[in-house]
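Good morning, colleagues. Please bring up the sequence and the model on your screens, and I shall take you through the two chains in turn.

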Amino acid sequence: MSERVNLDKNFSDPVGGAKVSEAKAEAALPALGPMGMLRWAWTQLTSMRTALFLLLLLAVAAVPGSLFPQRPANPSVVTQYIKDNPDYGKLLDTLQLYDVYSSAWFSAIYLLLFISLIGCVVPRAIAHYKAMRSQPPRTPKRLSRLPEYGTLVIPSDAGIPASDAISSAAGVLKERGYRVEVRDSGGERPSLGAERGFAKEVGNLVFHTSLIGVLVSVAIGGLFGYSGQRILVEGDTFVNTLVGYDQFTPGTNFQSGQLQPYSVQLDKFDITFDRESEGKVGQPIDFSAAVTTKENPDAPAQKEILKVNDPVTLGGTSIYLTGNGYAPVVTIRDGEGNIAMQGPVVAKLQGDNYYSSVVIKVPDAKPEQLGFAGFFLPTAFVSNEGISFSGDPELFNPQLTLNSYYGDLGLDDGSPQNVFELDVQDLTPLNARNLDAGGITLAPGSSYTLPDGKGTISFDGVKRYIGVDIHHNPGQLYALIFALLAVAGLILSLYVNRRRVWVRTGTHADGRTMVEYGLLARGEDHRLAAEAAAVRKLLSEEWKLDPEPGPDGPSQQTPSSARDNNAGPAATAGAATTPAGPTGPEKDQ
Amino acid sequence: MPYGINETMGQYSELFMLLAAGTYTVAFIAFAWDLAKSSKALRAIDLKAAQAEEPARVPVGARAGDRSESQLAGPAGRAERPSSSAAQAAGNGAGGVVTADADMRYAGERRAPARVAVALTVLGALIHGAGVLTRALGAGRVPWGNMYEFLTTGAFVAVAVFLLVLIRRDLRFLGTFVVGLVIIMLVAASVAYWTPVGHLVPALQSYWLIIHVSIAVLSSALFTLTFAMSALQLVQARRSKAVAAGGADKLGFMRLVPSALSLENLSYRINAIAFIGWTFTLMFGAIWAEKAWGRFWGWDTKEVWTFVIWVVYAGYLHARATRGWTGTRAAWLSIVGYLCVIFNFTIVNQFFNGLHSYSGL
Ligand code: HEM
């Protein structure tokens with residue numbers, strides 16, 4: 001039974017050899033020189049206990065990522081958080097608590113875990129390969145010590161000598177899927193050893209190896225993938241080139257040549273709002289974007305529908321519907337009467353019912369640049385306190401309320417600005433509620449003339465826009481394949497049972513053939529007793545015996561059956577019951 | 001376009017939930033009564049036995065000690081792991097500590113209150129099932145689209161799983177716990193999370209909702225059972241230790257509960273199934289996330305906690321194969337795993353911002 005104890009410390013030896021060898025390994029610390037120290041460290045790292053420790057550590061280390069805002073998900077929230085918590089915000093940053101999953105300490109834990117995993121899997125795979133090719137272990141001297149043990153007696157008039165009995169037992173076990181070796185078949189006490197359930201260990205190895213596969217696939221995605229965002233107003237076309245994106249996040253090894261110049265045009269965007277369920281009226285229940293796509297500039301156009309949970313795939317990327325809103329269309333003429341800006345302005349969602357903020361920057365206005373900031377409400381209401389709010393997400397009473405400014409917008413020096421924010425510090429207000437001119441309130445079709453001849457603004461209509469995310473992840477498919485492999489391995493490993501059976505026969509002086517058998521499981525196996533009963537039944541049928549001898553018959557009881565039951569009725573001793581205890585030996589280490 | 005809402009069905013559903021909660025409450029009382037009554041009966045039997053052979057208790061501790069020593073001597077000792085604590089060795093079969101049948105099969109004796117309790121639980125489950133069904137019909141979709149529905153449907157699955165296991169194993173000692181928890185879930189659903197029948201937000205309109213959430217709920221129900229068993233395992237181990245050391249048996253009702261070792265073994269087997277379920281939950285969640293948001297993993301808070309739970313239970317499975325970590329420590333890991341499940345469901349759903357925040361409050 002100890003054929004692989006030394007090779008494979010992670011498997012236990014039912015009789016305890018593994019513990020001895022592990023104890024030795026642990027005690028091997030002193031005076032071994034650098035190589036010895038290294039070997040000792042490796043043994044420690046690849047021990048089951050370290051694996052457990054690292055696993056638990058990984059679980060703990062993942063938690064802070066859910067407590068603090070994370071940069072990759074939301075960089076601006078992190079910046080705000082640091083501002084809001086001047087006392088410890090910076091400190092947390094030093095500890096990489098805003099980048100938990102790429103932090104040095106988190107990476108260290110999972111890398112160590114995976115090194116340990118490799119150090120664990122490789123020797124086990126070798127050992128298992130050898131075990132699969134070697135013969136079942138030798139027959140123990142005393143089968144009665146095994147957790148499942150029984151005897152059968154073939155009467156002398158059946159005419160089955162010990163050697164025949166052992167070969168027919170071998171046949172029975174082979175049929176049941178065991179690998180069998182018969183020993184000493186011509187001798188006085190012929191015996192056989194049989195083993196099955198190698199798939200358990202194979203499953204375990206596949207599981208652990210696939211985890212490495214998943215990790216590598218994720219890394220590949222990070223290296224060669226990319227993602228980006230774009231806002232499309234109805235009528236807009238996105239072309240998949242770097243300039244086509246509003247925001248672009250390349251993987252570490254990204255090359256712009258990877259981008260296939262496909263195009264996507266948003267034709268129409270429809271939303272269905274809930275009009276029936278109480279308390280939820282106005283909640284959107286369906287988003288649907290009609291788009292026209294072209295694989296290449298010269299390819300034929302195709303009509304497709306883009307929905308939440310239903311991305312459009314194009315040129316090796318997937319396009320996802322992730323946001324939407326209203327874009328009021330405005331025309332702004334400057335002080336000289338020329339059209340300085342015309343078109344839809346993307347309004348950013350701020351509150352319920354598409355209450356959105358609007359910022360319009362008009363750098364082309366002359367003689368002075370113009371800026372507008374305010375709100376767009378699809379269904380404007382004014383409360384008794386004079387606060388306006390949006391009463392409905394649909395365009396029942398659209399309204400644009402704006403303040404206006406003139407001066408230098410600060411765009412000319414080329415430094416990037418947030419299009420959704422207007423920095424009014426260097427601007428002079430023209431319209432605001434607290435000024436004589438008041439604020440600007442526009443309904444579709446109306447226009448307003450700015451004070452001091454600075455120009456006019458007209459509100460021409462409203463369009464809808466959508467936000468799309470575009471992703472390319474070359475590791476994704478592999479991650480899925482490895483994940484599926486992992487589950488398959490896991491199921492094998494948890495549900496296949498590795499079992500050994502030994503049978504020994506002998507001829508009694510009075511001509512009867514005595515048969516004894518014993519079973520042993522590797523690892524947790526609550527059904528070993530059932531297996532023993534099944535084997536017993538098959539053997540009895542083979543020799544046409546009564547499988548359940550009377551009370552005075554030869555010993556057939558599982559010697560261990562008394563162990564669990566003190567309260568239960570004695571009847572549980574029958575071979576068909578399954579004691580819940582681990583009938584198998586302890587896996588240890 | 002999702003189809004119409006049926007308010008009347010929704011109202012029936014709420015009525016059923018209320019009736020179910022009421023029925024469960026009576027079942028709970030019956031289960032508690034069973035515990036009290038049986039432990040009294042068992043104590044009486046014990047007392048008689050003790051009067052008959054007074055000195056029987058003394059050698060128990062000693063015996064427990066050499067049992068683990070004698071591990072190699074023969075199969076009789078194999079029920080105990082060499083690594084399990086002495087408490088467990090003592091808990092099993094040693095004369096002083098009485099525990100229920102170890103393989104949790106039904107024994108011969110009749111426990112009338114327990115039968116009543118189970119019958120009531122079945123009745124409650126039927127009504128509860130009707131409640132879940134009418135909710136689904138009322139909304140025209142699967143009944144797990146918001147916290148209220150997660151709770152009511154989850155509670156139903158927990159009861160159903162419990163009753164299914166009861167067919168084969170006598171886990172009636174878990175009755176007070178499971179039914180008690182289910183009552184809490186139903187009450188919390190109606191009081192704190194009540195939501196009228198409604199449509200799903202677009203983010204949830206996907207067949208992955210059906211697959212991903214149903215497996216998550218099922219695994220959680222299994223984790224609920226193992227949590228209860230692990231908690232009882234700890235209590236039982238302590239009790240056995242105390243009794244083995246010659247102390248008085250203060251927790252008489254624990255006689256109805258099997259030994260710590262049998263609890264550990266059965267909960268391991270259930271945890272193994274639940275772990276596979278949770279692995280699927282994680283994977284299907286990732287596939288869905290890819291469909292919905294364009295990335296299969298993004299460390300969103302909900303994803304983080306699903307991962308943490310997975311790793312903790314992986315740790316649990318490892319612990320069961322690691323020397324010195326079986327028994328009590330493994331039970332603690334199982335408990336910690338379940339606390340994470342609860343945390344993930346309650347706190348994370350409500351207070352943590354993330355992409356999953358639409359769970360609907
Ligand atoms: C990425 C980290 C790991 C995870 C998520 C993980 C997960 C699991 C799971 C779920 C099981 C139970 C199912 C089965 O038996 O196949 C298991 C078993 C096992 N793992 Fe790991 N493991 C990890 C790393 C390791 C490492 C580093 C080692 C080696 C030191 C290791 C050694 C084992 C062994 C020996 C078993 C079999 C235990 C038994 O027979 O029940 N694992 N692992």
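Half of chain A is buried: 50% of its 589 residues count as such. I should state at once that this is a predicted model. The surface that chain A exposes comes to about 27,900 Å², with carbon and sulfur atoms supplying 57% of that area. Turning to its contacts, if we take those between residues at least 6 apart in sequence, 63% join residues at least 24 apart.

In secondary structure, chain A has eleven helices and 24 strands. The domain assignment divides chain A into four parts. Domain 1 covers 36–117, and domain 4 covers 226–472. Domain 2 is made of two segments, 135–197 and 497–576, and domain 3 likewise of 202–224 and 475–492. Taken over C-alpha atoms, the centres of domain 3 and domain 4 of chain A are separated by 42 Å.

Let me now take one helix of chain A. Helix 2 comprises 13 residues, 33–45, and at 1.5 Å a residue it should span 18 Å; the C-alpha atoms at its ends are 18 Å apart, so expectation and model agree. Which residues of helix 2 of chain A are buried? They are A:Gly36, A:Thr43 and A:Leu45.

Next, a sheet in chain A. Four of the strands form an open sheet, in the order 5-7-8-9, with antiparallel pairing. Strand 5, residues 237–239, and strand 9, residues 302–306, stand at the edges of this sheet in chain A; each has a single partner strand, so one side of each is left without a neighbour in the sheet. On average, neighbouring strands here are turned by 30° against each other, direction ignored. As a general reminder, strands of a sheet pair through backbone hydrogen bonds, in either a parallel or an antiparallel manner.

At one end of that order, strand 8 of chain A, residues 284–294, pairs with strand 9 in the antiparallel sense over five bridges. Within this region, A:Ala289 stands opposite A:Leu306 of strand 9.

I come to chain B. Its secondary structure consists of ten helices and zero strands, so that reading from the N terminus every element is α. Of the 361 residues of chain B, 62% count as buried. Chain B exposes about 14,000 Å², and carbon and sulfur atoms supply 70% of this area. For contacts in chain B between residues at least 6 apart in sequence, 83% join residues at least 24 apart.

Thank you; I welcome your questions.

Definitions and conventions. Residues are numbered from 1 along each chain as its sequence is written. Chains are lettered from A and ligands numbered from 1 in the order in which they are written. This is a predicted model: local features need pLDDT of at least 70, side-chain atom pairs count only at pLDDT 80 or more; totals for chains, interfaces and linings use all residues. Side-chain values use heavy atoms; hydrogens and water are left out. Helices (H or I, at least four residues) and strands (E, at least two) are DSSP runs, numbered from the N terminus. The expected span of a helix is 1.5 Å times one less than its number of residues. Buried means under 20% relative accessible area, exposed over 50%, partly exposed in between (1.4 Å probe, protein chains only). Two strands pair if DSSP finds at least two bridges between them. Axes are lines fitted to C-alpha atoms, for helices over the stretch in contact, and angles run from 0 to 180 degrees between N-to-C directions. Domain bounds come from an automatic or database domain assignment. Contact means heavy atoms within 4.5 Å. Accessible areas come from the Shrake-Rupley method with a 1.4 Å probe; for residues, only the protein chains shown count as cover.
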